[in-house]
Amino acid sequence: MAGRRAMRPSSMRGALARLGAARSPAVSFLLAAAAAAALVGGVYFWVVVSSFRLPDSRAVGCLPDGEGSWAIGMYYGKSPLELRPIELEGKSNGNSSAWPVANPVLTCASPTDAGFPSNFVADPFLYVQGDTLFLFFETKTVSTMQGDIGVARSLDQGATWEFLGIALDEAWHLSYPFVFKYENEIYMMPEGNKKKELRLYRASKFPLEWTLEKVLINKPLIDSSLVQYEGLWWLFASDFTRHGIEKNAELEIWYSNSPLGPWNEHKQNPIYKSDKSLGARNGGRLFVFEGSLYRPGQDCSGTYGRRVKLYKVEKLSKEEYKEVPVKLGIEETRKGRNAWNGMRYHHMDAQQLASGGWIAVMDGDRVPSGDSTRRSLFGYMGFLLAVALVIFVGFVKGAISCYIPPSFWVPLARRSELSRVFPVHRFNQKIRRYSTYIGRNISATKARLSEKTWSNTLFFCVIALIGIVNVCIAVHFLFGGNGAEEAYTYHGQHSQFTMVTMTYEARLWNLKLFVEHYSRCESVREIVVVWNKGNPPTSDAFDSTVPVRIRVEEINSLNNRFRVDPLIKTRAVLELDDDIMMTCSDIEKGFRVWREHPERMVGFYPRMIDGNPLQYRNERYARGKRGYNLILTGAAFMDSEFAFRKYWSDEATEGRGYVHKNFNCEDLLMNFLYANASSERTVEYVHPAWAIDTSKLSAVAISRDTQKHYDIRTKCLAKFASIYGPLPQKWGFGMREDGWDK
């Protein structure tokens, strides 16, 4: 048959079949890789990310914000150079089970709960009116995503605050509400640099109604503060629109005979113009102490608002200005993101009260500037890299499995003398040669990768490890909130608790791990170590962010766990065995539940005690019974004032003797004492995300022989029931709306 003929149908079908067969392994690999990635991501989320406090998808305020999650705290002292946080002053509020009240005292939840959704509160300024404190601050309004000026009131020297409303709302961003009194009028000078002018407002009906008094200076000044000193009014501010100025590194001074103006520039302006670590940008109200003027400034190195720096002004005149840094006198926390001001604090307003003491407000943030944006970027990058890696490996696997014959690319035709002279013939020849060459190389590569050698195994393990790391990065940054294990408020307030653990010399390594971990939890005030036996360590032997107190006991007894300790400064105590490790987030949940019902013991290990005679069983039995009536005090919150006194009362004498004799059952005795003291519910359970018993890693566990341990405790139940009566009824799992007890 003469002439050109198209590719044979049978050849085309064969090539397509081989191509489809080659694609199947690649598709299967992609599906398997996607399933594996989902599994790895789920496990990582459960083990790590779930321990963080995640954003509430139903929340209308307190949302992740690129500017941060600022909150406001209270400080007190005899001097503005020696201020202590409110939790060290022993201020309490029984209505919120806050013994003591702890910082922060005002958060985004305050305006949000009052119907003014906010993402953060910052730049606080106090106005003292007799025994009443008014607090003006920037609130980042969710609806407009700009700053408004909010106001709150305290009638108890800052322990509790009532949000009153929005004091000032303009069409542009407002912040830094500098409030002061002059000639019996109250004025506010907020920052509104987007308007390119410094405005002064007067209170027409304090504290919620304000009217524009005048424009002081037609410049976009930032963080402006006034102070009257040596016969003149001085205005300290920043103007970042000046040519050649580094942002957050400029300071200029103006002066006048009146805060209403007119204002004149200082001859040395700008005082600073570079190096944002120097504290050029104002960080709050200037104040006079013992005749000297002090200026707080912001150290913006590393991130905006890293810390407040304090400067003592040595020379201030129309021609000269000189200041020197001095110690602020406020101890920085070492809890990092777990502390409300662990990453930065950039504003302070200190004022002297009529009593002679000093009071101050300060803002703080647990994340650096731009953290939410940065976390989203890292998360999406990790996700895209993981996807790209899976696609790449799937493509390579499919390409290696696929061999496409030259006949697939080049139509088969009968040779003729005429076809040899056309370029298409020469092109077909090249395609055939190249496809054959590629096919040989693919076959050789496939053979090498198919060999079961350690190098090939290592190659695929490295690829898999890189993929797993990228999946974990994506899950961590996209679903892990701000990466902090935050404390929970109750009735808008924070509080603190003391951790008590009992140990002895052979378990010192356990104790060091315990202290290092739990001292980073936000609400922990102090860790008390009940040292039962051996040579005690010193407090400086531990890597701790809170004070560690070693209480050495004369007698080795389990009763020492509940000894009355007048040095404990908090009502709430967390009794926690030194071999139990769980997340700070779970600890904070337990503390939050206890604050709802401080008359109960709230713990993490439930038991169901029933039967005739009573028998001690594990948590699995309680789950099977779908309820519990006892909480192990090896991991439980309690009211130290009630529980410890109850344990050492005369009625508990016989029970304490039985505990000491058997070196067991002190937790069971405490449950019977609670049940005997009330007809109401006395225990509540909180389910931890995970918990590890580190004693299993050593040979020093008190109860390594489980059956023997259970037998002793069964005898304890019979003994205590005969003395104190039965335990209460069963309470079911999953009764809380938040699901923390499932």
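## A tour of the strands, turns and cores

Begin by selecting the open sheet of four strands, whose order is S12-S13-S14-S15 and whose pairing is antiparallel. At its edges stand strand S12 (222–229) and strand S15 (264–265), and because each has a single partner strand, one side of each is left without a neighbour in the sheet. Keep in mind while looking at this sheet, and at everything that follows, that the model is predicted.

Within the sheet, select strand S13 (residues 232–238) together with strand S14 (residues 252–256), which run antiparallel and are joined by five bridges. To find the register of this pair, show Ala237, which stands opposite Glu252 in S14.

Move next to strand S10 (residues 198–205) and strand S11 (residues 209–217), an antiparallel pair held over seven bridges. Here Tyr201 can serve as a marker, since the residue opposite Tyr201 in S11 is Leu212. Follow the chain out of S10 and you will pass through a hairpin of three residues that joins S10 to S11. In the loop between these two strands lies Pro207, and the peptide bond that leads from Phe206 into Pro207 is cis, with omega near 5°. As background for this stop and for those below, most peptide bonds are trans, and most residues other than glycine have a negative phi.

A further hairpin is worth selecting now: S8 and S9 have two residues between them, and the two strands pair in the antiparallel sense over six bridges. Strand S8 covers residues 175–182 and strand S9 covers residues 185–191, and one bridge to display is that of Lys181 with Ile186 in S9. Colour S8 by accessibility and you will find a mostly covered strand, with seven of its eight residues buried. Then step into the turn and select Glu183, which has a positive phi of about 50°. Is Glu183 buried or exposed? Glu183 is exposed, because its relative accessible area is 61% and the cut-off for that class is over 50%.

From there, go back along the chain to the loop between strand S2 (82–85) and strand S3 (101–102), where Pro100 is found. The peptide bond from Trp99 to Pro100 is cis, with omega near 10°. The loop between S2 and S3 is also the place of Ser97, and the phi of Ser97 is near 50°, a positive value in a residue other than glycine. Ser97 counts as buried, because its relative accessible area is 4% and the cut-off is under 20%.

For the last part of the tour, leave the strands and turn to the nonpolar cores. Which residues touch the most other members of the largest nonpolar core? Select Met638, Leu668, Met670 and Phe720, which have that place among the 43 residues of this core. Adding helix H13 (residues 666–677) to the selection shows the element that gives the most to this core, with seven residues. Finally, select Phe514, Val515, Tyr518 and Ile527, which are included in a second, separate core of 34 residues.

Note on methods:
Residues are numbered from 1 along each chain as its sequence is written. This is a predicted model: local features need pLDDT of at least 70, side-chain atom pairs count only at pLDDT 80 or more; totals for chains, interfaces and linings use all residues. Side-chain values use heavy atoms; hydrogens and water are left out. A nonpolar core is a set of buried Ala, Val, Leu, Ile, Met, Phe, Trp, Tyr and Cys residues joined through side-chain atoms within 4.5 Å. Buried means under 20% relative accessible area, exposed over 50%, partly exposed in between (1.4 Å probe, protein chains only). Two strands pair if DSSP finds at least two bridges between them.
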